[in-house]
Amino acid sequence: MSKRYVVQTFGCQMNEHDSERIAGLLESDGYEKTNDQSDADVIVLNTCCIRENADNKLYGALGNMKRLKDKNPDLQIMVGGCLAQKDKEMIQQKAGHVDVVFGTHNVHRAGELLNQARSSGPVTEIWEAADPDEAFASALPAKPELDYKAWLTIQVGCDNSCAFCIVPSVRGEEISRPAEDIVAEAERLAGAGVSEITLLGQNVNSYGRDLALKARHAGNPDVKLRPAFANLLRSVAAVEGIRRLRYTSPHPKDMTTDVFEAMAQTPAVMPHLHFPLQSGSNAILKAMHRGYTAQRYLEKLAEARETIPDLAVTTDIIVGFPGESEEDFQATMAVAAEARFDHAFTFVYSPRPGTEAAQLSDVFCDPAEVKERFARLRTVIERNALAHNLARVGVIDEVMVEGPSKTDSDRLTGRTGQNKLVHFPKPDGPLRAGSYATVKVTEGHTSYLVGELVEITARATHRTRIAVL
Ligand code: SF4
């Protein structure tokens with residue numbers, strides 16, 4: 001009987017995609033996926049240090065694993081991801097029952113490390129940097145969570161130094177994957193029935209800058225250092241079978257007109273821009289090292305909306321960054337009101353050990369004040385979200401069907417091009433997840449739409465058998 005594995009992911013999309021690759025590696029070694037940890041031969045915890053209390057959550061989970069390992073001494077436990085990269089030897093010191101600790105730069109070694117631990121005992125292997133020639137993460141055989149839409153990593157690492165962010169120190173400098181490899185992977189995915197791809201990177205719109213620099217250093221002085229992201233969007237969108245293309249996350253300081261033009265001129269690129277603001281105060285943006293002012297952000301946003309028809313815009317905002325005054329917060333409220341976001345991920349600042357901002361404890365904001373600011377900001381964000389969603393009533397949108405609604409089994413849920421969730425009644429016949437249908441919007445709510453099915457426009461074609469809905 002095949003051995004079984006579980007991968008438990010804590011964290012962001014980059015981590016989720018790394019987990020897909022770890023799953024792909026294990027499956028190519030003959031393992032089968034299970035959802036039951038007590039039934040597993042290998043448990044992988046893919047950690048994140050971006051989210052709050054990441055280490056407490058990890059050591060809590062490892063406490064549970066200890067009990068499983070006491071019952072089944074053959075169980076192998078692996079810990080990878082950002083927290084493993086950051087804390088290096090600490091995991092095995094604190095949790096001696098862990099068999100393998102690996103970092104963000106050697107995901108591709110997971111299978112070998114597992115074998116090594118089986119023959120010679122616990123192993124910790126953390127690489128300080130990625131090897132772009134041998135180990136580009138996406139070159140691994142990923143096992144996507146879904147069969148009809150997939151992440152595609154175009155770049156790893158980040159060359160910026162946002163004061164609140166741990167990514168540059170755990171994911172290293174930016175390395176872009178060659179465009180021909182990305183297109184080849186998109187073709188492979190499309191061939192397997194994937195029709196929606198999300199290009200993934202920490203700073204996608206600076207894609208290609210490092211490749212151009214490398215070419216210059218190799219003696220080709222004519223290579224332009226202009227980022228190549230717009231061209232990449234056009235190339236991936238041209239792959240037959242790719243009906244929807246998205247990307248996350250771009251950086252406002254690196255956003256250029258050619259990206260907006262590529263979005264507007266390429267029907268497969270969805271009219272949704274995630275455009276992280278972080279703060280509307282120029283003083284706080286400077287302290288964060290974001291590289292733009294609120295005015296510049298709003299100008300670029302206006303250009304995006306002028307260039308791309310029917311564009312939905314979402315953002316990230318941090319409330320209570322160290323030193324944020326009431327005046328700074330008012331500036332954020334003003335930008336949020338002017339920007340009229342469709343949706344915003346809002347976060348209360350919390351220090352991440354190892355970041356520059358975590359050392360500013362003398363100017364940390366009063367938690368009660370931050371709580372109150374957060375609630376005020378949510379009011380503005382939700383008012384705008386509701387207004388955008390009410391404005392969709394009467395519109396016929398194409399959705400990709402995602403499956404039964406989580407709250408009402410008589411309904412299906414789909415996602416529009418603008419990335420909005422729509423719930424609509426199930427049709428009489430089956431309609432698999434990954435199919436496309438047009439839906440007439442009948443209700444707008446703060447975080448979702450309700451609609452009625454107009455017609456099925458394309459049936460899912462992915463081969464893997466999934467539940468018929
Ligand atoms: S751009 Fe800033 S927030 Fe984004 S990954 Fe890089 S350092 Fe972190």
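This report walks through the domains, the ligand shell, three helix pairs and two backbone details of a predicted model.

Residues are numbered from 1 along each chain as its sequence is written. Because the model is predicted, local features need pLDDT of at least 70 and side-chain atom pairs count only at pLDDT 80 or more, while totals for chains, interfaces and linings use all residues.

## Domains

Let us begin with the overall layout. The domain assignment splits the protein into domain 1 (4-125), domain 2 (137-385) and domain 3 (396-458); such bounds come from an automatic or database domain assignment. Between domain 2 and domain 3, the C-alpha centres are 27 Å apart. Their contact draws 12 residues from domain 2 and 9 residues from domain 3, where two residues are in contact if their C-beta atoms, placed from the backbone, lie within 7 Å. On the domain 2 side, the residues touching domain 3 are 5 nonpolar, 2 polar and 5 charged. In this sorting, Ala, Val, Leu, Ile, Met, Phe, Trp, Tyr, Cys and Pro count as nonpolar, Asp, Glu, Lys and Arg as charged, and the others, Gly among them, as polar.

## The ligand shell

The ligand is surrounded by Cys158, Asn160, Cys162, Cys165, Val167, Pro168, Gln202, Asn203 and His251. A residue belongs here if its C-beta atom, placed from the backbone, lies within 6 Å of the molecule. By class, this shell holds 5 nonpolar and 4 polar residues, with no charged ones.

## Helix pairs

Now to the packing of helices. Helices (H or I, at least four residues) and strands (E, at least two) are DSSP runs, numbered from the N terminus. Axes are lines fitted to C-alpha atoms, for helices over the stretch in contact, and angles run from 0 to 180 degrees between N-to-C directions.

| Helix pair | Axis distance | Crossing angle |
|---|---|---|
| H9 (229-237) and H10 (257-265) | within 8 Å | roughly 15 degrees |
| H12 (294-307) and H13 (326-339) | within 11 Å | roughly 10 degrees |
| H13 and H14 (367-390) | 9 Å | about 15 degrees |

With the axes of H9 and H10 crossing at roughly 15 degrees, H9 is therefore roughly parallel to H10. Angles under 35 degrees count as roughly parallel, over 145 as roughly antiparallel, 65 to 115 as roughly perpendicular and the rest as oblique. In this pair, Phe229, Ala230, Leu233 and Arg234 of H9 meet Asp258, Val259, Glu261 and Ala262 of H10. Those contact residues comprise 5 nonpolar, no polar and 3 charged.

H12 and H13 cross at roughly 10 degrees, which makes H12 roughly parallel to H13. Here Ala294, Leu298 and Leu301 of H12 touch Ala331, Val335, Glu338 and Ala339 of H13. The class count for this contact is 6 nonpolar, no polar and 1 charged.

H13 also packs with H14 at about 15 degrees, so H13 is roughly parallel to H14. From H13, Phe329, Thr332, Met333, Ala336 and Ala337 meet Arg373, Arg376, Leu377, Val380 and Ile381 of H14. That contact divides into 7 nonpolar, 1 polar and 2 charged residues.

## Backbone details

Two loop positions round off the tour. Most residues other than glycine have a negative phi, and most peptide bonds are trans. The peptide bond from Thr248 to Ser249 is cis, with omega near -5 degrees, and Ser249 sits in the loop between strand E11 (244-248) and H10. Asp310, although not a glycine, has a positive phi of about 55 degrees. Asp310 lies in the loop between H12 and strand E13 (312-319).
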